[in-house]
Amino acid sequence: EIRIDSDKPLISVEYDKNEALNTNNYKTDRKATVTITAHNFRARNVDVNVIAKDILGNDVSVDDFKAYAKSNRNWKSKGDVHTLVLPEFTVDARYDVYIDFTDLAGNKADTWIDSFVIDHTPANNINIAYSSSILDKVLNTLTFGLYKEEVEVTVTADDITSGVDYFNLTYTKQTEASDVNKDTFTVKLDAATADAANKFIASYKIPASARGTVSVEAVDKAGNSASKADDKVIVVDDIIPEIKAEYKFDEDNFREENNIYYTQGETEITFTITEANFDLIEDKVPVVKVNDEVKAVEWTRVGKTDDWKGVLILKGNGDYTVTAEFVDLSTNEMKQYKQEVRINSVKPVIEVEYDNNNALNTNNYKADRKATVTITAHNFKADEVELTVVAKDILGNDVSVEDFKAYAKNPANWDSKGDVHTLVLPVFTVDARYDVSVDYTDLADNKADTWTDSFVIDHTPANNINIAYSSS
């Protein structure tokens with residue numbers, strides 16, 4: 001029997017699953033049906049070569065497709081059409097499939113080639129790492145990472161078959177976080193190959209202001225996904241804390257002068273510091289000092305706001321310099337608060353001395369007099385001195401004299417040593433009947449007893465002397 005056949009055989013393959021991701025990646029098994037159209041067919045002339053490897057190039061053990069294809073009992077033939085259902089591709093691997101056939105007449109079919117990936121297994125060894133923090137601290141079993149600048153989050157994962165396609169990185173705002181912080185968000189990050197073909201990496205920078213946790217989903221090229229959540233709370237804070245202070249005085253005895261507060265009694269200061277992450281500070285509280293001595297202040301939160309209040313009470317007479325300093329855990333430094341407060345309840349004392357006390361008829365002087373005024377007061381201001389000199393003749397007419405009032409209000413005319421303040425008045429030289437009063441109220445509204453004096457300066461003898469007699 002002689003058979004003459006010059007027709008080239010045809011090879012075709014159909015799969016039961018053709019819904020691939022990323023061109024040729026499948027996360028389910030695949031079944032292939034091979035059809036060879038040839039007139040002179042013999043199964044052992046079929047070469048099905050299946051190369052299965054992982055992403056690193058290592059061989060993966062699979063069925064012996066070659067032997068299976070060469071077994072005549074596995075084929076079904078109808079005329080010149082011969083069909084083979086291969087064992088399912090169930091093993092995770094990167095497959096390269098080659099099918100060759102030469103018929104009994106020596107006619108060779110074109111090689112059929114295909115490549116695809118079967119991957120049922122999600123990525124593993126998922127890790128979340130962060131750039132170096134300013135501080136890591138544990139509070140109530142939670143670890144907090146404190147940052148001032150943006151934090152770089154690096155996520156990695158291994159996938160031995162199809163490889164990681166992308167990462168979904170989710171920042172979840174902490175329930176206790178301030179409203180100034182970013183709300184929860186998710187970003188998609190394309191995966192890049194790391195230091196080996198089966199290791200994948202991506203990174204993202206979370207900017208200020210943020211306080212929350214990070215989780216990541218690794219999705220491989222076949223669509224398998226695996227997730228990891230990190231309990232560490234990331235705090236990114238570049239906001240400088242702010243402070244304000246409210247003072248409670250006796251309103252009748254309070255004065256501000258040159259940004260110094262003067263009062264007679266107890267002073268209550270309520271500080272309010274605005275800081276989004278104040279609840280994390282523990283022992284790193286604001287430092288409140290009075291005259292460089294640290295004072296213990298208890299801080300309490302105002303509702304659910306970012307405001308925290310602390311109260312300081314000043315008692316007793318004294319000159320107080322109140323300061324407050326604070327650096328938050330992200331090293332944002334608050335502008336120093338500073339205020340001088342002077343508490344004084346001591347009544348000023350006015351004294352006057354004269355150089356000439358040689359009076360006739362109680363208070364009459366025929367020589368000049370020089371007066372020295374001394375006011376003993378802690379919070380002294382010359383402008384507050386009220387020195388009144390009324391000069392008249394015996395008829396009640398005004399006599400022109402020095403402007404003692406203006407002279408006493410000029411700070412340059414006073415000599416101060418501690419709380420003792422001395423003024424040498426211009427000399428009383430003009431003949432007149434003088435009424436002198438000195439009043440003073442210090443900056444804390446303590447009023448001295450009014451000092452008064454009356455005297456006469458008269459250098460001039462009587463005139464228009466006349467002698468007259470009764471009728472003779």
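**Exercise 1. Describe the overall form of the chain.**

Solution. The radius of gyration of the chain, taken over C-alpha atoms, is 51 Å, whereas a compact globule of 472 residues would have a value near 23 Å, by the rule of 2.2 Å times the number of residues to the power 0.38. This is a predicted model, in which local features need pLDDT of at least 70 and side-chain atom pairs count only at pLDDT 80 or more, while totals for chains, interfaces and linings use all residues. Residues are numbered from 1 along each chain as its sequence is written, and side-chain values use heavy atoms, with hydrogens and water left out.

The next step is to take the extent along the principal axes, where the C-alpha trace spans about 205 × 40 × 30 Å. The chain holds two helices and 37 strands, which are DSSP runs numbered from the N terminus (helices H or I, at least four residues; strands E, at least two).

**Exercise 2. State how much of the chain is buried, how its contacts are spread along the sequence, and what its surface comes to.**

Solution. Of the 472 residues, 42% are buried, where buried means under 20% relative accessible area, exposed over 50%, and partly exposed in between, with a 1.4 Å probe and protein chains only. Turning to contacts (heavy atoms within 4.5 Å), and taking those with a separation of 6 or more, 68% are between residues 24 or more positions apart. The accessible surface is about 25,700 Å², and carbon and sulfur atoms account for 46% of that area; such areas come from the Shrake-Rupley method with a 1.4 Å probe, and for residues only the protein chains shown count as cover.

**Exercise 3. Find the largest cavity and the largest pocket, and set out the lining of each.**

Solution. Begin with the terms: on a 1 Å grid over the protein atoms alone, a cavity is a set of points where a 1.4 Å probe fits but cannot get out, and a pocket is an open set with protein on both sides within 12 Å along at least five of seven lines, while lining residues have an atom within 4 Å of a point. Grid points are joined across faces, edges and corners, and a volume is the space filled by probe spheres set on the points.

Searching the whole structure gives one cavity of 30 Å³ or more, and the space in the largest cavity is about 30 Å³. Its lining includes Val352, Tyr354, Phe428 and Trp451, and the elements that give two or more residues to this lining are β30 (349–354), β32 (371–376) and β36 (432–440). Sorted by class, the lining of the largest cavity has ten nonpolar, no polar and no charged residues, with Ala, Val, Leu, Ile, Met, Phe, Trp, Tyr, Cys and Pro counted as nonpolar, Asp, Glu, Lys and Arg as charged, and the others, Gly among them, as polar.

The largest pocket has a volume of about 300 Å³, and of the 15 residues that line it, Ile394, Arg433, Val456, Ile457 and Asp458 are the closest to its centre. At least two lining residues come from each of β31 (364–365), β36 and β37 (451–457), and by class the lining of this pocket has seven nonpolar, two polar and six charged residues.

**Exercise 4. Locate the cis peptide bond and describe the surroundings of Ser209.**

Solution. Ala208 and Ser209 are joined by a cis peptide bond, with omega at about -5°. Ser209 belongs to the loop between β16 (199–206) and β17 (210–220). Because its relative accessible area is 9%, Ser209 counts as buried. Beyond its neighbours within four places in sequence, Ser209 is in contact with Val180, Asn181, Lys182, Val236, Asp238 and Ile239.

**Exercise 5. Compare the settings of Thr362 and Asn464, both of which have positive phi.**

Solution. Thr362, a residue other than glycine, has phi near 80° and sits in the loop between β30 and β31. Its relative accessible area is 74%, so Thr362 is exposed. Asn464, with phi near 50°, lies in the segment after β37, and at 73% relative accessibility Asn464 also counts as exposed.

**Exercise 6. For Glu257 and Asp252, decide whether each is buried or exposed, and name a residue distant in sequence that each one approaches.**

Solution. Glu257, in strand β21 (residues 254–257), has a relative accessible area of 17% and is therefore buried. Glu257 and Leu443 are 186 residues apart in sequence, yet 7.9 Å apart in space, C-alpha to C-alpha. Not counting residues up to four places away in sequence, Glu257 touches Tyr262, Lys381 and Leu443.

Asp252 lies in the loop between β20 (242–248) and β21, and its relative accessible area of 63% makes Asp252 exposed. From C-alpha to C-alpha, Asp252 and Asp445 are 8.3 Å apart in space, with their positions 193 residues apart in sequence.
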